[in-house]
Amino acid sequence: MFTVNDMPRQIDEGIAAELGGACVSTLGHLRDHGFALGLRPNRRPLRFTGTAVTVRIPHLDSTAVHMAVDMLRPGDVLVVDQSGDHARSCFGGLVSFTAKARGAVGAVIDGSVNDHDETLAYGFPVLSRGFSPLTTRISGIEGAINVPVTVGGAVVHPGDVVFADSDGAAFLRPEEAVGLGALLKAKEDAEAPARESIAEGGSIAEFSGAAKYRP
Ligand SMILES: O=C([O-])CC(=O)C(=O)O
Ligand SMILES: [Mg+2]
């Protein structure tokens with residue numbers, strides 16, 4: 001059975017721009033949930049922030065991925081849950097070409113990807129479990145578009161903010177992302193004086209607070 005829900009409301013462009021100036025790991029200094037663990041980028045540096053369009057497929061049938069990619073809009077991010085199968089690839093050159101042609105800004109695939117060089121040539125950024133020549137098929141078994149999914153242990157809802165860089169991806173509800181970019185940037189800016197001090201012999205442990213736990 002196939003479920004095709006409406007496309008989600010897109011995230012505010014200001015939120016995407018603000019988060020785009022910060023590192024995902026700065027958020028990792030502040031929270032412990034909502035990160036896709038175990039995924040790696042198809043190139044570094046990599047950076048994108050956009051609206052989650054979610055897809056869930058059974059391990060070998062990517063029919064729903066091909067349907068969803070046709071539906072992508074500028075600013076969207078394709079997020080695919082392969083029901084725990086990390087070995088097969090549902091995402092190759094033609095899928096990435098289509099995603100890019102629709103204006104999508106990236107993809108997060110909880111499975112492998114194929115046609116690596118072709119996707120790289122399109123300059124399309126992807127986070128995945130790795131690379132594999134073993135692919136999914138168009139079998140018409142089942143699939144769901146724009147339903148809650150899990151990716152790398154994180155729950156993703158359609159319309160969530162996908163905040164990704166070379167280190168990985170975080171998923172946020174749109175309301176959680178308001179003002180977050182400025183907060184992360186302020187935390188990053190606070191490291192500038194620490195660098196100056198460390199260059200002159202100062203202590204990272206004093207800056208971070210680790211020093212107070214010294215025995
Ligand atoms: O067709 C697929 O699902 C994967 C692939 O090779 C492509 O996108 O070119
Ligand atoms: Mg191909």
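# Reading a two-domain model and its ligand site

An oxygen atom of ligand 1 is 3.0 Å from a side-chain N or O atom of aspartate 115.

User: Before going further, what kind of model is this?

Analyst: The model is predicted. Keep that in mind throughout.

User: Which residues surround ligand 1?

Analyst: Start with the residues around the ligand, then look for polar atoms. Ser62, His66, Cys90, Gly92, Gly93, Leu94, Val95, Asn114 and Asp115 surround ligand 1.

User: Where do backbone N or O atoms lie 3.2 Å and 2.9 Å from an oxygen atom of ligand 1?

Analyst: Glycine 93 has a backbone N or O atom 3.2 Å from a ligand 1 oxygen. For valine 95, the distance from a backbone N or O atom to an oxygen atom of the ligand is 2.9 Å. Aspartate 115 uses its side chain instead, at 3.0 Å.

User: Back to aspartate 115. What is its phi, and where is its place in the chain?

Analyst: Check the backbone angle, then the element. Aspartate 115 is not a glycine, yet its phi is positive, about 55°. It sits in the loop between β8 (112–113) and α5 (116–121).

User: Which residues does a cis peptide bond join?

Analyst: Read omega for this one. Arginine 44 and proline 45 are joined by a cis peptide bond, with omega about 0°. Proline 45 belongs to the loop between β3 (40–41) and β4.

User: How should I read salt bridges, and how many does the rule count?

Analyst: Side chains of opposite charge can pair when their charged atoms come close. Here the count is ten salt bridges. One of the pairs is aspartate 165 with arginine 47, at 3.9 Å from N to O.

User: Why does that pair tie together parts that are apart in sequence?

Analyst: Look at the elements. Aspartate 165 is in strand β14 (residues 161–165) and arginine 47 is in strand β4 (residues 47–56), so the bridge ties together parts 118 residues apart in sequence.

User: Now the domains. What are their bounds, and what separates their centres?

Analyst: Take the bounds from the domain assignment: domain 1 covers 2–178 and domain 2 covers 179–215. Their centres, taken over C-alpha atoms, are 32 Å apart. Domain 1 gives 14 residues to the contact and domain 2 gives nine.

User: How much area do they bury, and which residues supply it on domain 1?

Analyst: Between them the domains bury about 920 Å², 69% of it on carbon and sulfur atoms. Of the area domain 1 buries, Glu18, Thr26 and Leu30 supply 41%, more than any other three residues.

User: How many salt bridges and polar contacts cross the interface?

Analyst: Count each kind separately. The rule finds zero salt bridges between the domains, but seven residue pairs in polar contact.

User: Which helices face domain 2, and what residues make up that side?

Analyst: On domain 1, α1 (13–19) and α2 (24–28) each supply at least two residues of the touching side. That side divides into nine nonpolar, three polar and two charged residues.

Definitions and conventions:
Residues numbered from 1 in each chain as written. Chains lettered and ligands numbered in written order. Predicted model: local features only at pLDDT ≥ 70, side-chain atom pairs only at ≥ 80, totals over all residues. Heavy atoms only, no water. Domains from an automatic or database assignment. Contact = heavy atoms within 4.5 Å. Buried area = accessible area lost by both parts, 1.4 Å probe. Salt bridge = Lys/Arg side-chain N within 4 Å of Asp/Glu carboxyl O. Polar contact = N/O pair within 3.5 Å; in protein donor to acceptor, adjacent residues only side chain to side chain. Helix = DSSP H or I, 4+ residues; strand = E, 2+ residues; numbered from the N terminus. Nonpolar A, V, L, I, M, F, W, Y, C, P; charged D, E, K, R; others polar. Near = heavy atom within 4 Å.
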